[in-house]
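Here is a quick look at aromatic contacts, cysteines and a couple of backbone oddities. Have the model open while you read.

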Amino acid sequence: MNQPAVLFDESHCDQCACGEGLDFSFSFAFQPIVDAVNKTVFAHEALVRGPEGEGAMSVLSRVNEKNRYSFDQICRVKAVKLASRLGMESMLSINFMPNAVYQAEYCIRTTLAAAKTYNFDTRKIIFELTENENLSSVEHLVSIIEAYQEMGFSTAIDDFGAGYSRYKIMMASPPDLLKLDMGLVRNVHEEPNKQAVVAGIISMMERLGGRIIAEGVETKEEYFWLRSQGIDLYQGFLFAKPGFETLPDVNFPD
């Protein structure tokens with residue numbers, strides 16, 4: 001992947017040289033996404049936390065229209081920096097705010113520069129789409145996904161099954177990875193209607209050439225049913241809780 005020449009000054013990170021500064025600080029916890037077939041860690045998702053490990057809402061509640069762009073950019077830099085410091089060998093999944101990305105090719109420059117500064121391979125970065133905002137245009141989301149894929153990044157859609165707009169994205173520009181909504185995963189082993197929906201999503205992704213991540217898996221029963229359907233990638237308390245500024249150990253159920 002060709003990386004544009006971008007000047008990056010680490011000392012300016014918390015003031016965000018690419019936008020307005022923030023009047024609050026934050027860090028990350030990392031939760032593994034595991035490959036159950038090879039019993040390896042496929043990726044770590046960077047989950048925003050307060051500077052002392054406080055919950056995500058203590059940070060996200062302070063994000064607004066004025067500072068959203070700066071927050072999104074600083075998140076990327078901090079996640080890459082911390083992943084590099086921890087010696088992360090797996091993929092790194094970074095959540096991004098679609099409404100903070102006005103032009104994917106321009107807004108990616110700080111990420112590329114940070115990856116170069118901290119010697120983190122950009123081919124190991126997954127950009128995970130989260131839809132916690134009111135989105136004005138599915139076409140805008142599709143343009144971001146397509147641009148990131150063209151640049152060589154992997155892309156993922158979070159909470160699939162929770163909103164119709166995600167299906168519209170799948171029809172226009174399928175991501176590399178799709179994370180099942182936790183509402184579908186919970187007690188799926190004993191709810192036939194959920195099983196039918198999950199089976200349909202699995203079939204869809206097989207035809208589109210992508211992979212599914214079962215998110216929020218908490219019990220062996222959920223896991224074994226999902227494994228019986230051919231899902232290989234998992235995230236949830238059954239395997240590991242998020243580790244604040246650490247890469248937690250992983251448990252693989254028998």
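## Aromatic pairs

Keep in mind that this is a predicted model. Aromatic rings give us plenty to talk about, with a count of 13 aromatic pairs. Take Phe26 and Phe71: their ring centres sit 5.0 Å apart with 55° between the planes, so the pair goes down as tilted. This contact ties together distant parts of the chain, since Phe26 belongs to the segment before β1 (27-35) while Phe71 is in helix α2 (residues 68-85), 45 residues apart. Both Phe26 and Phe71 are buried.

Now look at Phe96 and Phe127, an edge-to-face pair at 6.2 Å centre to centre and 85° between the planes. Here too distant parts of the chain are linked: Phe96 comes from strand β3 (residues 91-96) and Phe127 from strand β4 (residues 125-129), with their positions 31 residues apart. Phe96 has a relative accessible area of 3% and is therefore buried, and Phe127, at 1%, is buried as well.

## A ring cluster and two lysines

Phe26 and Phe71 also turn up in a bigger group: ring pairs join Phe24, Phe26, Phe28 and Phe71 into a cluster. Phe26 has a charged visitor too, as Lys78 lies over its face at 5.4 Å from the ring centre.

Elsewhere, Lys241 sits over the face of Phe237, 5.6 Å from the ring centre.

## Cysteines

How many disulfides does the count come to? The answer is 0 disulfides. As a reminder, a disulfide is a covalent bond between the sulfur atoms of two cysteines.

Are Cys75 and Cys107 buried or exposed? Cys75 has 7% relative accessibility, so Cys75 counts as buried. Cys107 comes in at 1%, which means that Cys107 is buried too. The cut-off behind both calls is a relative accessible area under 20%.

## Two asparagines with positive phi

If you like checking backbone angles, go to Asn119. Its phi is near 55°, a positive value in a residue other than glycine. Asn119 is found in the loop between α4 (109-117) and β4, and its 71% relative accessibility is why Asn119 counts as exposed.

Asn187 is another residue other than glycine with a positive phi, this one near 60°. You'll find Asn187 in the loop between α7 (182-185) and α8 (192-208). With 28% relative accessibility, Asn187 is classed as partly exposed.

Terms used: Residues numbered from 1 in each chain as written. Predicted model: local features only at pLDDT ≥ 70, side-chain atom pairs only at ≥ 80, totals over all residues. Heavy atoms only, no water. Disulfide = S-S within 2.5 Å. Buried < 20%, exposed > 50% of the residue type's maximum accessible area, 1.4 Å probe, protein only. Phe/Tyr/Trp six-rings, centres within 6.5 Å; stacked < 30°, edge-to-face > 60°. Helix = DSSP H or I, 4+ residues; strand = E, 2+ residues; numbered from the N terminus. Lys NZ or Arg CZ within 6 Å of the ring centre and 35° of its normal.
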